[in-house]
Amino acid sequence: MAVHSSTLLPTSFSAAEGSKPKLLKPRSLPSSPPPIVSLHHHRRQRKTLRILTSVSVSNPEVRTSPDDLVASILSKVTQTDRGVLLKNEEHEEVAAVAEALQKYCVNEPVNCPLIFGDWDVVYCSRPTSPGGGYRSTFGRLVFKTKEMIQVVEAPDIVRNKISFSAFGFLDGEVSLTGTLKALDDKWIKVVFEAPELKIGALEFRYGGQSEVELQITYIDDKIRLGKGSRGSLFVFQRRHY
């Protein structure tokens, strides 16, 4: 609510008309001089305050706004090979920020139109959850992941694609197409068709259908957080072309 400046001012600045002037009595000087503040102490105090302010701003625990938390979680997962290079305590830090963001999630995220679009999979707490064997310890030695993308198209289509380089010189990709079904206002299930593998001039399908269940714990115009039925945490970042 805006407060008018008139409400902060006295109603009158002068004595009523016709009132007699009053004589001012002389003030007695203080018996002792005022204390002298050390300039050196004042500067040191200001320096201390500046240091404390700098520490509090850089501490991620005091960053509680959604924008700060989003920036924090992205800074923790960027350039980590989607979480593979992180240590256990660093995974815990990512999980803590994700939990803090959860309280800012929109109501009924499954029905939020922000879920549609192209997303980069930038983090998973379990490296084999997205990509299966291609992201296992042995698989990462043979297949170097270039991109891991999930496209969600209205009304209910999900396309996953992993592009890689096999043995460092042979480009390929694995793609899956699935149908999305809402289980409630937060959980979705996607039933995927058999994956399609393209490597060099070869292109073929293998395996059979698969399905996953995912809880949307946070979404905005930048990121989407999900938690799998087995507890895996995913961080998706919206692609901008």
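What follows is a conversation between a biologist and a modeller about a predicted model of one protein chain.

Biologist: How many helices and how many strands are there in the chain?

Modeller: This is a predicted model, and the elements can be read from the N terminus on, where the order runs α-α-α-β-α-β-β-β-β-β-β-β-β-β. Counted over the chain, that gives four helices and 10 strands.

Biologist: What percentage of the residues in the chain are buried?

Modeller: A residue counts as buried when its relative accessible area is under 20%. The chain has 241 residues, and the buried share of them is 31%.

Biologist: Which strands pair with β1, and over how many bridges?

Modeller: Strand β1 covers residues 117-124, and it runs antiparallel to strand β2, residues 143-153, with four bridges joining the two. One residue pair that shows this register is Asp-118 with its bridge partner Val-151 in β2. Strand β1 also pairs in the antiparallel sense with strand β10, residues 233-238, where Val-121 stands opposite Phe-236. The partners asked for are therefore β2, over four bridges, and β10, over five bridges.

Biologist: Which residue takes a positive phi in the hairpin of β6 and β7?

Modeller: Strand β6, residues 196-199, and strand β7, residues 202-205, run antiparallel and are joined by four bridges, and Leu-197 has Phe-204 in β7 as its bridge partner. Two residues lie between the strands of this hairpin, and the one with a positive phi, near 60 degrees, is Gly-200.

Biologist: Is Leu-202 buried or exposed?

Modeller: Leu-202 has its place in strand β7, and together with Phe-204 and Tyr-206 it makes a nonpolar surface patch of about 280 Å². Because its relative accessibility is 53%, and the cut-off is over 50%, Leu-202 counts as exposed.

Biologist: What does the side chain of Arg-238 reach, given that Arg-238 has no salt bridge?

Modeller: Arg-238 lies in strand β10 and is buried, and the nearest side chain of opposite charge, Asp-221, is 6.4 Å away. A salt bridge would need a distance within 4 Å, so Asp-221 does not provide one for Arg-238. The side chain of Arg-238 instead reaches, at 3.1 Å, the backbone oxygen of Phe-116.

Biologist: How far apart in space are Gly-226 and Phe-236?

Modeller: Gly-226 has its place in strand β9, residues 223-228, and it is buried, with a relative accessible area of 0%. In sequence Gly-226 and Phe-236 are 10 residues apart, while in space, from C-alpha to C-alpha, their separation is 8.1 Å.

Biologist: Which backbone atoms lie by the side chain of Thr-80?

Modeller: Thr-80 is found in the loop between α2, residues 66-77, and α3, residues 88-102, and it counts as buried because its relative accessibility is 6%. A polar atom of its side chain lies 2.6 Å from one backbone oxygen, that of Val-77. A polar atom of the side chain of Thr-80 also lies 2.9 Å from a backbone nitrogen, so that the names asked for are the oxygen of Val-77 and the nitrogen of Gly-83.

Biologist: What is the phi of Asp-81?

Modeller: Asp-81 lies in the loop between α2 and α3 and counts as partly exposed, with 29% relative accessibility. Most residues other than glycine have a negative phi. Asp-81 is not a glycine, yet its phi is positive, near 55 degrees.

Biologist: Which residue in the loop between β3 and β4 has a positive phi although it is not a glycine?

Modeller: The loop in question lies between β3, residues 157-166, and β4, residues 170-182. The residue there has a phi of about 60 degrees and counts as exposed at 61% relative accessibility, and its name is Phe-167.

Biologist: Where is the peptide bond that is cis, with omega near 5 degrees?

Modeller: Most peptide bonds are trans. The cis bond leads into a proline that lies in the loop between β2 and β3, and its place is from Ala-154 to Pro-155.

Biologist: How far apart in space are Lys-146 and Gly-172?

Modeller: Lys-146 lies in strand β2 and is partly exposed, with a relative accessible area of 47%. Lys-146 and Gly-172 are 26 residues apart in sequence, and from C-alpha to C-alpha their separation in space is 9.7 Å.

Conventions
Residues numbered from 1 in each chain as written. Predicted model: local features only at pLDDT ≥ 70, side-chain atom pairs only at ≥ 80, totals over all residues. Heavy atoms only, no water. Patch = residues over 30% accessible without salt bridge, like charges linked within 9 Å, V, L, I, M, F, W, Y side chains within 5 Å. Areas by Shrake-Rupley, 256 points an atom, 1.4 Å probe, with all protein chains shown as cover. Buried < 20%, exposed > 50% of the residue type's maximum accessible area, 1.4 Å probe, protein only. Lys, Arg positive; Asp, Glu negative; His and termini not counted. Polar contact = N/O pair within 3.5 Å; in protein donor to acceptor, adjacent residues only side chain to side chain.
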